[in-house]
Amino acid sequence: MATIKISKNNLYHNLNQLALKTGDKSKIAAVLKDNAYGHGIEIMAKLVSDYGITEAVVINNNEADKISHHFQNILILNDTPTEQPNYSYAIGDLQTLKNYRGNAKIELKVDTGMHRNGIEMEQLIQALEIIKQNKLNLYGVFTHFRSADELSSEFAWQVKNFTEVKQTVRTFGFCPRFHSFNSASVLRAKEFNEDIARVGIALYGYNELPQTFDEIKLKPVLSLWAKRTSTRALKKGQRVGYGGIYRAPKDMIVSTYSVGYGDGLFRGNSNKPLQTAQNLPILGRVSMDFISLEGDSEEVCIFNDAQKVANHFNTISYEITTALKESVKRIIV
Ligand SMILES: *Cc1c(COP(=O)(O)O)cnc(C)c1O
């Protein structure tokens, strides 16, 4: 059976570092969307709330309902508003805004340059007029940065755009909360003066910024483990797994461990195998529920640093942890 171990110490270390940046832990909104980036939404909600975090961000009502009792407010990025008092809803287009007639807390998402979703800056006044006219409950105004994790002037450009947005909103007489920072922005910025920062990946221990920015040391929270299910002594030349891709170069002890792509471990290319945390290459193909490794340890750590796995598979740490299935058992260590 595969197990995900969640390190409470590492999580609290990361939160301490982030709180130094935001000035206070009350300014950290824990982004727990997509099953807390694969870490397990319920476990992570409890841990961050025990630490003293009161704000969360999720993708839909279903996720919010699982963790509702832990937080003062939960921002829901993509679902139909309900009037649950501790939920607020991102609204990012004029049509949805026009059609909405309820009393839910809404947070207007403004597009300051990412061009993915959010109302355009040219539509801001129109949006604010609709909000005023329909007496909507404007709880927040926010934006999202497209390249906070890159060395360029684009970050500064979006920050400047958002400053304009804030001024316009205030001119209308609204005083919602404002937020724009994600992990990369918090890690790179010299100062922080917004109401909350929406922190995802940094919470889980990863810093996707280029080295130049790298000053804060974060620690990965998650590790993936598998138990031994069987062991055999292979003779030189015998082959392992589907397709018999791996051929034993010598007589060797090989064991099967219960983790596979069914758990969310990438299958990848077996000619370029992933190595476990102890540098054991996976032998042959990854199966749906099993892999083979040399040796006979009872339990092995498949990885304890998703960044390394991400480098191996040419992707980002987000994708590696988010791929881990909800069905994998999670425990706090
Ligand atoms: C996912 C998300 C975040 C968190 O981003 P990280 O890079 O993981 O910190 C913040 N804001 C919004 C709107 C998001 O969708």
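**View 1. Eleven named residues form the shell around the ligand in this predicted model**. The ligand is surrounded by Val31, Lys33, Tyr37, Leu77, His144, Asn182, Ser183, Arg198, Gly200, Ile201 and Tyr318. Each has a heavy atom within 4 Å of the ligand. The shell divides into five nonpolar, four polar and two charged residues. Here Ala, Val, Leu, Ile, Met, Phe, Trp, Tyr, Cys and Pro count as nonpolar, Asp, Glu, Lys and Arg as charged, and the others, Gly among them, as polar.

**View 2. Polar contacts reach oxygen atoms of the ligand**. A polar contact is a pair of N or O atoms within 3.5 Å. Tyrosine 37 places a polar side-chain atom 2.5 Å from a ligand oxygen. Serine 183 also has a polar side-chain atom 2.5 Å from a ligand oxygen. Glycine 200 uses a backbone N or O atom, 3.0 Å from a ligand oxygen.

**View 3. Two cysteines, one exposed and one buried**. Cysteine 175 is exposed (over 50% relative accessible area, 1.4 Å probe, protein chains only), at 74%. Cysteine 301 is buried (under 20%), at 2%. The whole structure has zero disulfides (pairs of cysteine sulfur atoms within 2.5 Å).

**Notes.** Residues are numbered from 1 along each chain as its sequence is written. In this predicted model, local features need pLDDT of at least 70, side-chain atom pairs count only at pLDDT 80 or more, totals for chains, interfaces and linings use all residues, and side-chain values use heavy atoms, without hydrogens and water.

Conventions: Polar contact = N/O pair within 3.5 Å; in protein donor to acceptor, adjacent residues only side chain to side chain.
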